[in-house]
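Notebook open, coffee ready. Here is what I looked up today.

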Amino acid sequence: MGCPKRAIVVFLSFLGFLVLFGFRTVFTMVMVYVIKDNDNDGVTFFKECTINGTAYDLQLDWSVATSQYFNTAYFVGYVITQLPGGFLAVRFSPTKIFGGAILISASCFVILAFSMKYSPIIVFVARFIQGLAEGVSQPAMSSVVSAWAPRSERAGIVGFSFSGIYLSTSLASVVSGAATCYVSWHAGLFIYGSLGIIWSLFWFGLVYDSPMMQSSLSEKERRIFEEEGSKVLVASASVAKNIPWRAILTSRPVYALFLANFTRSWVFAMVLTEIPQYFADAFSLNVATIGFLTSFPPILMSVFVILGGVMVDKLINMEKVSITAGRKLSLIIGFGSEAVCILVLAFAKDYLTASILIIIAEGLAGLSTAAFKVNPVDLAPQYSSVLTGIVRSGVLGASISTAIAGTLRQKNIQSWQRIFLITGSLHLFSVVFYSVFGSGEQQEWAQPTYKTLVSDSESTDYGSVEKNNIDVILTVHNDEKEKLEHHKEIPNDVYLSDDKAT
């Protein structure tokens, strides 16, 4: 239909993250409802749940601490597969890995809808499996973005693709809150499980690992990727073998990015999984009202995620700021504002003030996506999934966050003050650290290993080859095209990877 193929990739990525991260919110909302220990009859904007006392109702004699253990199991699994996910995306198809992650997690949701009421052990195992599956999603997507994002559109494409993460909370809060109260206790599980399975079928059929593997790519779009593409090699054993592990693990920009991801995961997990419980403990709100209030911050964040990416791309393309300055500026404004708002949140006295602070914090935090989500592609396009896997190991912060919340949390506002003060202070420290040690430039160790293909005296015929019969990948500088066409001089910057690439 004439739609750029990269637009299709971006749109499906957005929908994938919209569903994937909605899983977390749906599960949290279901737990808030079914656990008897929670008081769901307090302040409400909505009528009382109509399923109360019917066959569609469910009340479990579990404690709130039990639900915290379910979240901890999920985040432990999520941490375990971050680095392996980055490696797998270099070795195997990143698109298949991303799609498979959502398919597996969605299937677990459908299983939970039937089996949750029988045993907490079933829930614990299912959440751990979901964590393992979802842990590979962002490293894999980093490889997809590295291949499909032209240099001048990098932050914007990342912003659009990943904005589904933040809008997911808003949509899932409203859908699961209303569905739980007015349809059945497990309606949210069925809805999101089904959506994930359907999405994965479209993803597998429409998205390829590289633009050059897309047979219907227009000539105009092909030229864009030839001029501004990352020129990364398709995932293979050879590429995986040459990962510069030592250089990556001793890089200060990587450590700065890791800390930013660690504290962001800490904060995001708190907002996603703990804020609903905070509203229930501190202000005795019911589940539908909580879903309504927690739907606003992600909406504003999604807007700033997209605007932030477009604005930073524009500033860099206009040469108003360097790539490094653009990345640092977006992170300072985004995460710095979020950290301050969380510190102030510790002293909020009513749920409206708390809601406004959370909306501002999460909204402005969206600007930072143009920094910490794009940065792995800046530092190492070829190994962006590996870098993403390493820095995304910072989701350990999410596990620590939920564990601390489970330990400190009591049904009063004072316990939540301690949680917010710890969170805000740590987040502010990471902003300062990234401001000093962060970078937006491609690192010296980030180049794949090559060896010379031909000498200056040799002459080679250059022509097109069929996609299924490619044995080598040639990288030719644009300013040498005329020389190559006349076969008079073969430059030394024509290379062949160490062994055959896809």
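I started at M116, which touches F27, V30, M31, W62, V123, W185 and L189, leaving out residues up to four places away in sequence. A touch, or contact, means heavy atoms within 4.5 Å. I noted that this is a predicted model, where local features need pLDDT of at least 70, side-chain atom pairs count only at pLDDT 80 or more, and totals for chains, interfaces and linings use all residues. Residues are numbered from 1 along each chain as its sequence is written, and side-chain values use heavy atoms, without hydrogens and water.

Next I checked the largest nonpolar core (buried Ala, Val, Leu, Ile, Met, Phe, Trp, Tyr and Cys joined through side-chain atoms within 4.5 Å). It has 94 residues, and M31, V34, M116 and L189 touch the most other members. A second, separate core has 25 residues, including M270 and Y278.

Then I looked at how helix α2 (residues 22-34) packs on helix α9 (residues 187-206): the angle is about 170° and the axes are 9 Å apart. Helices here are DSSP runs (H or I, at least four residues), numbered from the N terminus; axes are lines fitted to C-alpha atoms over the stretch in contact, with angles from 0 to 180 degrees between N-to-C directions. So α2 is roughly antiparallel to α9 (over 145 degrees).

Which residues of α2 and α9 make the contact? I found G22, F23, V26 and V30 on α2, and G188, L189, Y192 and G193 on α9.

Last, α7: 12 of its 12 residues are buried (under 20% relative accessible area, 1.4 Å probe, protein chains only), so α7 is largely enclosed by the rest of the structure.

Conventions
Helices (H or I, at least four residues) and strands (E, at least two) are DSSP runs, numbered from the N terminus. Angles under 35 degrees count as roughly parallel, over 145 as roughly antiparallel, 65 to 115 as roughly perpendicular and the rest as oblique. Buried means under 20% relative accessible area, exposed over 50%, partly exposed in between (1.4 Å probe, protein chains only).
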